[in-house]
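These are my notebook entries on one structure. I record what I looked up, in the order in which I looked.

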Amino acid sequence: MTTIIRPMQDNTKTIHHTSPTEVTMGPQQIASLSHIGFLLLDKFSMIAFSNAVEPLRMANYLSRKKLYRWSLLSADGQPVAASNGLELSPITSPEAPQQYDMLIVCGGWQVRDAVDDKVLSVIRRFAAQGVPLGAICTGTFALAKAGVLNGYRCAIHWENLLSISEEFPKTKFTSDLFVLDRDRFTCSGGTAPLDFMCHLIRHKGGKSLAADVSEQFIVDRLRDNGDRQHIPLLARIGTGHETLVDAALSMESNIENPRSLENLADELGVSLRHLERLFKRYLNTTPAQYYLDLRLRRARELLLQTNMSVMEVTVACGFLSSSHFSKSYRGLFGYPPSRERQQYLVDSAVIA
């Protein structure tokens with residue numbers, strides 16, 4: 001479990017050696033990443049770490065090649081306890097940054113207390129050597145604190161999005177599961193590192209190997225860097241807004257047969273105008289757009305996780321015509337649902 005990061009004064013240092021305009025990693029460079037150092041912070045998330053390292057092990061096993069190797073590091077070379085109290089070994093000191101192809105900072109609970117001067121020094125030393133940097137869970141906070149995320153897009157666990165965005169305004173924090181931005185690779189917590197690592201494995205071993213790895217861990221679908229974290233509504237707006245929460249829950253329960261907003265407002269005992277003000281103030285959108293996005297995201301889940309045809313998905317998500325569905329889908333995701341289905345079929349053929 002993570003902890004919410006409270007904003008404090010930003011005393012970060014900018015590392016000019018890693019300006020976003022200087023380094024752009026292409027597919028071949030990503031494929032060349034082999035030796036990964038995992039910098040473990042005190043009370044790091046064991047589930048996030050395990051979901052990062054196990055796909056690498058499985059990729060080696062299935063390919064019968066040593067595609068990856070990894071080292072466990074701590075700022076002082078001493079054992080570090082995870083948030084569940086378990087310690088991993090062996091732990092080495094983070095010397096000779098040039099021997100690593102990537103450094104991934106593993107954060108977790110009470111990350112602010114875990115990021116001390118020693119940790120910041122390690123990160124800055126690796127950055128100065130041009131080593132690509134990554135982070136999982138709240139490890140992104142450590143990178144931001146070290147001043148190596150200015151001008152980058154990045155991901156962090158949803159609990160920390162609002163507070164960290166205020167503290168580091170030069171960094172673009174997103175709700176994506178993971179983000180690959182040039183030489184920065186950041187990932188939210190929980191099981192998302194598995195998707196993140198399989199994305200890297202695709203570059204080195206191909207789609208088939210990544211699919212085989214996911215099958216070994218009984219993962220139905222690998223999520224990509226276009227997927228977003230599911231952020232509970234209460235976490236976004238706080239308590240004390242029962243009307244807004246009830247409205248959203250009613251929308252989620254009525255995807256196939258969308259309710260009229262007037263009917264919904266009447267049931268909640270408020271005017272449509274008042275409902276619109278609530279959505280605008282706390283979610284910066286309209287009830288109609290929020291409802292449409294819910295239906296479109298459900299449609300994407302069905303396209304990726306089932307064999308339903310595009311027309312069946314159209315009906316299941318409450319659209320009266322395929323043309324309206326396609327236009328709305330393109331407006332949110334940037335491409336039509338037919339392309340999503342085609343890619344799904346291609347990927348399925350590769351897996352088979």
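Before turning to a helix, I fixed the terms: helices (H or I, at least four residues) and strands (E, at least two) are DSSP runs, numbered from the N terminus. The expected span of a helix is 1.5 Å times one less than its number of residues.

I noted the basis next. The model is predicted, with local features requiring pLDDT of at least 70 and side-chain atom pairs counted only at pLDDT 80 or more, while totals for chains, interfaces and linings use all residues. Residues are numbered from 1 along each chain as its sequence is written, and side-chain values use heavy atoms, with hydrogens and water left out.

Entry: confidence. I took pLDDT as the predictor's confidence in each residue, from 0 to 100. For the protein chain I found a mean of 85, with 86% of its residues at 70 or more. Strand β3 (residues 102-106) has the highest confidence, a mean of 97, and helix α8 (residues 233-237) the lowest, at 59. Over residues 1-23 the pLDDT stays under 50, and the model gives this stretch 70 contacts (heavy atoms within 4.5 Å) beyond four places in sequence. Residues 348-352 are also below 50, with four contacts beyond near neighbours in sequence. Where pLDDT is low, I do not read the predicted coordinates in detail.

Entry: helix α11. I found twelve residues, 272-283, and a reach of 16 Å from the first C-alpha to the last, close to the 16 Å expected. Its buried residues (under 20% relative accessible area, 1.4 Å probe, protein chains only; exposed is over 50%, partly exposed in between) are Leu275, Leu278, Phe279 and Leu283. These residues lie on the same side of α11 because they cover an arc of only 95° around the axis, taken from the directions from the helix axis to the C-beta atoms. The face turned away from that side carries the exposed Arg273, Lys280 and Arg281. Asn284 follows α11 and has a positive phi, near 55°.

Entry: what packs against α11? I found helix α9 (residues 242-253), at an angle of about 100° and with the axes 10 Å apart. The two helices are therefore roughly perpendicular, a class that runs from 65 to 115 degrees. In α9, Thr243, Leu244, Ala247 and Met251 meet Leu275, Leu278, Phe279, Tyr282 and Leu283 of α11.

Entry: Ala210. I located Ala210 in helix α7 (residues 192-216). Ala210 is buried, at a relative accessible area of 1%. Leaving out residues up to four places away in sequence, Ala210 touches Cys198, Ile201, Arg202 and Leu222.

Note on methods: Axes are lines fitted to C-alpha atoms, for helices over the stretch in contact, and angles run from 0 to 180 degrees between N-to-C directions. Angles under 35 degrees count as roughly parallel, over 145 as roughly antiparallel, 65 to 115 as roughly perpendicular and the rest as oblique.
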